[in-house]
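Got the viewer open? Load the model, switch on cartoon and sticks, and follow along.

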Amino acid sequence: MDNETPSLRSKNNIFIKFKNSSSFGIVIILVAMCAVLTIAVGNVFLSPDNLVSVIRQFSFIAIMAIGESLVIMTGGIDLSVGSVFAFSGIMGCLTMDRLINAMAASAGIPEDFSGKMLELLSGSQIATVTFAGIVVGLAAGALFGAGNGFFVTKLKLPPFIATLG
């Protein structure tokens, strides 16, 4: 008779499955890299400020990876993720830049001084500019996504071909 409880047996089974999976090696490499970096730079690497910074810098990649994973699970592939992300970001930034320049011009601030315009804006004006940039960026991404979806669903193009350009 086995003396292990059923819950202990299931925990061991999960660990054995994880140990035998392809993800185990990746986790070992990640832990080794964290250990090397911690030794190399001291406690700065594992400080809360640095960990928050790493999470912030990686968040947009994680969001794109989740979306791409959903596409792959349905049997497709989307090659345009990076380019649509970049285009959407550029459209959002251009919108914010144009709005700030328009606010500078309406306030009579010379064009060569408009780089300092953010210092002169109120909180609500900054919020408005930011909101407009986010909306335009999301709309640009949504339009490209709708176009890709149209090519795949209505025109029956393979996702690989539809998202190639």
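Start by selecting α3, residues 48-73, and put Ser59 in the middle of the view: α3 has a kink of about 40 degrees centred there. The bend at a residue is the angle between axes fitted to the seven residues ending there and the seven starting there, and helices are DSSP runs (H or I, at least four residues) numbered from the N terminus. After α3, click on Gly75, whose phi is positive, near 95 degrees.

Some housekeeping: residues are numbered from 1 along each chain as its sequence is written, and this is a predicted model, where local features need pLDDT of at least 70, side-chain atom pairs count only at pLDDT 80 or more, and totals for chains, interfaces and linings use all residues. Side-chain values use heavy atoms, with hydrogens and water left out.

Next, select α4 (residues 81-106) and α6 (residues 123-153): their axes come within 8 Å and cross at roughly 150 degrees. Axes here are lines fitted to C-alpha atoms, for helices over the stretch in contact, with angles from 0 to 180 degrees between N-to-C directions. Show sticks for the contact (heavy atoms within 4.5 Å): on the α4 side you'll find Phe87, Met91 and Leu99, among others, and α6 brings residues including Val129, Val136 and Phe144. The residues of this contact split into twelve nonpolar, eight polar and no charged, with Gly counted as polar.

Which residues lie nearest the centre of the largest pocket? Select Glu68, Val71, Asp78, Ser80 and Val81, from a lining of 21 residues. A pocket is an open set of points on a 1 Å grid where a 1.4 Å probe fits, with protein on both sides within 12 Å along at least five of seven lines, and lining residues have an atom within 4 Å of a point. About 520 Å³ of space lies in it, and α3, α4 and α6 each supply at least two lining residues.

Last stop, the second largest pocket, with about 180 Å³ of space. Its lining includes Ser88, Cys93, Thr130 and Leu138, and α6 gives the most, with seven residues.

How values were computed:
Grid points are joined across faces, edges and corners, and a volume is the space filled by probe spheres set on the points.
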